[in-house]
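User: I would like to learn how to read the cysteines and the strands around them in a structure file. Could you take me through one case?

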Amino acid sequence: MACPRVIFLILIKFFILQTALSSSWQTLSGKHPAVIARGGFSGMFPDSSSQAYQLVNITTSPDVMLWCDLQLTKDGVGICFPNLNLDNGSDVMTIYPNYKERFSVDFTWKELSDVKLARGVLSRPNIFDDLSSILTIEEVAKLTASGLWLNIQDSAFYAQHNLSMRNSVVSLSRRLKVNFISSPEISFLKSMKNSVKPTVTKLIFRFLKQDHIEPFTNQSYGSLAKNLSYIITFSSGILVPKSYIWPVDSALYLQPHRSLVTDAHKEGLQVFASEFANDFVIAYNYSYDPSAEYLSFIDNGNFSVDGFISDSPVTPYRAINCFSHVDTKRAKEQAKITIISKNGASGDIPGCTDLAYERAASDGADILDCNVQMSKDKVPFCMSSIDLINSTNVIETSFRNLSSVVSEIQPRSGIYSFSLTMSQIQTLKPTISNPERDWGLFRNPRNNKAGKFLTLSEFLFLPNRYSSLLGILIEVENAAYLVEHQGISVVDAVLDELKRANNNQQNKTSARTILIQSTDKSVLMKFKEKKKMNHDELVYRVDKDISDVEDSAVRDIKNFAGSIVIRKNSVFPYKGFFIFKKGPNVVSKLKSSGLRVYVETFSNEFVTQKYDFYEDPTLEIDCFVRDIQVDGIITDFPATTARYRKNQCYGKFDLTKTGELRTLGNPLLLPPAEAPYPLLGDSDVTEPPLPEVRSQTPASSPSKAEEKAIEVPFAFIAMAILVSFFISV
C-alpha cells in the first residue's frame with residue numbers, strides 16, 4: 001500500500017495540473033509568467049547598478065522581480081555583482097591596479113566603496129559607465145516591492161575562503177523578502193532545503209550548458225535534464241538556458257521544441273528560461289522581433305514557461321500583458337495606424353517579389369508598394385532599386401559587363417534596369433536586402449533568391465488576390481533622367497498600365513486606393529495633369545533628414561500632394577544612438593495643414609531603434625503612434641506593426657520618455673552636439689517641369705544568346721582575371 005506522503009504528493013500534482021488546465025495560461029500555477037530583471041535593466045545600464053534597478057520600476061511594474069548575483073566581500077557583506085571576478089563589469093582595475101585578478105573576497109566592503117560599475121557587454125552604451133557604486137543586497141531590496149531573486153553561482157569558492165554562502169543566504173532570507181534562490185550546485189540547494197519556507201522562498205536548480213559537469217553528481221547538466229524526478233527532491237523548479245526548450249541550430253534556425261517544460265510540469269517543477277536580451281542575435285524564425293521570441297515560449301498552444309530572466313525586462317512584461325492569447329482573427333484593432341509595406345515584407349523575403357507581397361498581405365499590411373523601374377524595352381516592373389546589383393544576382397551573371405557610372409543616379413558604378421530587357425531581367429534571381437550587414441546582422445538567408453519579380457501589370461492585380469488590402473502605392477523615381485537620357489517616360493508607362501487595369505473587368509484595383517509617391521514635385525504634377533489625380537492620391541516623399549518645414553514649403557506641398565513621407569530621424573534627431581532632443585513637432589505642423597504624415601522606415605533589427613526605445617521595435621512603434629500620432633508607418637516587417645494594432649493594453653502604459661536617457665550618462669562620455677538637420681524650404685521642393693520624351697529609335701530586340709543571363713561561378717571569374725594578368729605580364 002502506498003504511503004500517505006506519496007498519495008499526498010500525487011494529489012498535489014493533480015491539483016496543480018487541474019488548476020493550470022482551467023486557466024488560459026499553461027504555466028504550472030495557471031497564473032501569468034513572471035518576469036525577472038537580471039541585474040536590473042542590464043541591457044541598458046551597467047549590471048546591478050542603481051540605475052539599472054530603478055529603470056525596471058520606471059518601465060514595468062512592481063510585479064517584476066529584481067535579480068541579484070550574490071557575492072560576498074572579505075568581511076562577509078553581501079553585494080550584487082554579475083561575476084565572481086570583478087574585472088569585467090567595474091573599474092576595479094583602475095582603483096586596484098596591483099592585482100593579477102580581483103575577486104570580491106579580496107576586498108572589504110569599505111575597500112569596494114570607491115569602485116564604480118561598468119558595462120559587461122562592450123557593444124552596449126558606455127556613457128553610463130563609472131557612475132554607480134556597487135550595491136549591497138540590502139540596498140537592492142529597498143528598490144523592489146515584489147521581492148528578490150538571489151542567484152548563488154559558486155558557493156564552493158567562498159567556502160575555500162572561509163566564508164559560508166549558506167549562512168549568509170539563510171540570514172538574508174529571514175530579513176528580506178526573497179522569493180527565489182537559484183544555484184547550479186546541487187549540494188548548495190540540498191543544504192538550503194530545510195532552512196527556507198517553500199511557501200515563501202522557492203529553491204531553483206540552475207542548469208548550465210548541457211556538456212558542463214555538475215560537481216555534486218559528476219553528471220552533465222544535459223543528462224540531469226532527463227532526470228527531473230531527482231531534481232524535485234531538492235528544488236521547486238528549474239532555470240534553463242532557452243536553448244534547452246527551443247534549440248537553435250548552427251545556422252540560427254529553430255529546431256522542434258523539446259518536451260522539457262511539459263515534463264517538468266508533470267513532476268510539479270516550475271520552469272524559468274534565461275539568456276534573453278533585446279540586443280542578442282536570435283533565430284531567423286523570429287524576424288529580429290524580441291516579442292515574437294518571448295511569445296513562442298508562452299503562447300504556442302503546447303506549453304508555457306513560468307517566467308523569464310531578461311536583460312530587457314520591459315519587452316517580456318509587455319509581451320505577456322499585451323500580446324499573448326490574442327485571437328488575431330477576431331481581436332479588434334486598438335491602434336488606428338495605416339501599415340504600408342516597404343518593398344513588400346522585404347525584411348524576411350527578397351523585396352518586390354511575389355512572395356514578399358504575399359507575406360506582407362498575410363502579415364497585415366494595408367497598402368502594398370511597388371517601386372517602379374523601367375526595362376530597356378520600356379516595361380515597368382517592381383524592384384527596390386534602379387541598380388540591379390542591389391536586389392538581384394546580376395553581378396554573378398554574364399550581364400556584369402554592363403556596369404557603368406551614372407552620376408545623375410549615384411556616384412558609384414551600377415548595372416541599371418534600363419540596360420536589360422524585361423525578359424533578361426526575369427532570368428535574374430532576387431536577393432534579400434541586408435541593410436545592417438555592417439553590424440553583422442543578416443536577414444533570413446534561406447529566403448535569399450526566393451520569389452520572382454513582378455511587372456507593374458502583375459502588381460496591379462494583387463488587390464484581387466488579397467481582399468484585406470486597402471490599396472496600393474506606386475513609387476516613381478529617376479523620371480527626369482529616364483526621359484532625358486534613355487527616352488523612357490516612366491509616368492506614361494505607369495498611366496498606361498493603370499488604364500489597362502481599369503479597363504479589365506476582372507481587375508478590382510480601381511475600387512481600392514491607388515497612391516502615387518515620388519521625391520519629385522514634377523512627377524506628381526505630371527500625374528495630376530495627365531490623369532486628373534486629386535491631392536489624396538499623391539504622396540510627396542522627403543529624401544533627407546529635416547528639422548522643420550518652412551510654412552511656404554508646406555503650402556507648396558499642399559498644392560500638389562495630400563500626404564507626405566518623412567524619415568524617423570526627422571521626428572527624433574539622435575546622436576550616438578540616443579535621441580538628442582525632441583525638436584519642433586514636424587508631424588504636428590504637417591498634419592495641422594491637412595497633410596497625412598507617413599514615417600519610414602521601421603525595421604526589427606535592434607540597431608535600427610534608438611536606445612530610448614530600449615532596442616524594442618514595438619516600443620518605437622508605440623511612441624510614433626500614440627505620442628507623435630503619425631497616420632501611417634512604412635515598414636519592411638509589417639507583422640510587428642500589425643500585432644501592435646491589436647494589443648490588449650493599448651494606451652494603458654506610460655509613453656516612453658524620449659531624450660531623457662542620454663541626460664543620465666557621464667557628461668565626459670556624451671557625444672558632442674551637432675548642428676540641427678536643415679529646414680525643408682521652398683528651394684527644396686520647387687523644381688522645373690518634367691520634360692516630355694523626344695522620339696527615339698526603338699530599342700533593338702536582344703539576340704537569343706543575349707536573352708538569358710549566364711551565371712558565372714566566382715571561381716571562373718577569378719581564374720579569368722588571373723589568366724589575363726599573366727598574359728599581360
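Analyst: Let us begin with a cysteine that might be mistaken for a bonded one. The sulfur of Cys352 has its closest cysteine sulfur in Cys382, at 5.8 Å, which is too far for a bond, since a disulfide is taken to be a pair of cysteine sulfur atoms within 2.5 Å. Before going further, note that this is a predicted model, in which local features need pLDDT of at least 70 and side-chain atom pairs count only at pLDDT 80 or more, while totals for chains, interfaces and linings use all residues. Residues are numbered from 1 along each chain as its sequence is written, and side-chain values use heavy atoms, with hydrogens and water left out.

User: Is Cys352 buried or exposed, and which cysteine sulfur is nearest to that of Cys623?

Analyst: A residue is called buried under 20% relative accessible area, exposed over 50% and partly exposed in between, with a 1.4 Å probe and protein chains only. Cys352, at 0% relative accessibility, is therefore buried. Cys623 takes part in no disulfide, and the nearest cysteine sulfur, that of Cys322, lies 15 Å away. Cys623 also has a relative accessible area of 0% and so counts as buried.

User: How many disulfides does the distance rule give, and what pattern do they follow?

Analyst: The count comes to three disulfides, and with bonded cysteines counted along the chain their pattern is 1-2, 3-6, 4-5. One of them joins Cys322 to Cys649, with an S to S distance of 1.7 Å. This pair links distant parts of the chain, 327 residues apart, with Cys322 in helix α12 (residues 314–323) and Cys649 in the loop between α24 (638–645) and β27 (679–680). Both Cys322 and Cys649 are buried. For these labels, helices (H or I, at least four residues) and strands (E, at least two) are DSSP runs numbered from the N terminus.

User: Which parts of the chain does the disulfide of Cys370 and Cys382 tie together?

Analyst: The sulfur atoms of Cys370 and Cys382 are 2.0 Å apart, and the link is left-handed, with -105° about the S-S bond. Cys370 belongs to strand β14 (residues 367–374) and Cys382 to strand β15 (residues 380–382), so the bond ties together parts that are twelve residues apart in sequence. Cys370 and Cys382 are both buried.

User: Where do Cys68 and Cys80 lie?

Analyst: A disulfide joins Cys68 to Cys80, at 2.1 Å from S to S, and this link is left-handed, with -105° about the S-S bond. Cys68 is in strand β2 and Cys80 in strand β3, so parts twelve residues apart in sequence are tied together. Cys68 is buried, because its relative accessibility is 0%, and Cys80 is buried at a relative accessible area of 0%.

User: How should I read the strands that pair with β2, and what joins β2 to β3?

Analyst: Pairing requires that DSSP finds at least two bridges between two strands. β2 pairs with β3 (residues 78–80) in the antiparallel sense over three bridges, and Leu70 stands opposite Cys80 in β3. The two strands form a hairpin with five residues between them, and Gly76 in the turn has a positive phi of about 80°. β2 also pairs with strand β5 (residues 148–151), in the parallel sense over four bridges, where Asn151 is the bridge partner of Asp69. Three bridges join β2 to strand β1 (residues 34–38), again in the parallel sense, and the bridge partner of Arg38 is Trp67. From β1 the chain crosses through helix α2 (residues 50–59) to β2, a β-α-β crossover that is right-handed; the term applies if, with the strands pointing away from the viewer, the path from the first strand over the helix to the second runs clockwise.

User: Which residues of β2 point one way and which the other?

Analyst: Met65, Trp67, Asp69 and Gln71 point one way, whereas Leu66, Cys68, Leu70 and Leu72 point the other way, and all are buried. Put as a count for β2 (residues 65–72), eight of its eight residues are buried.
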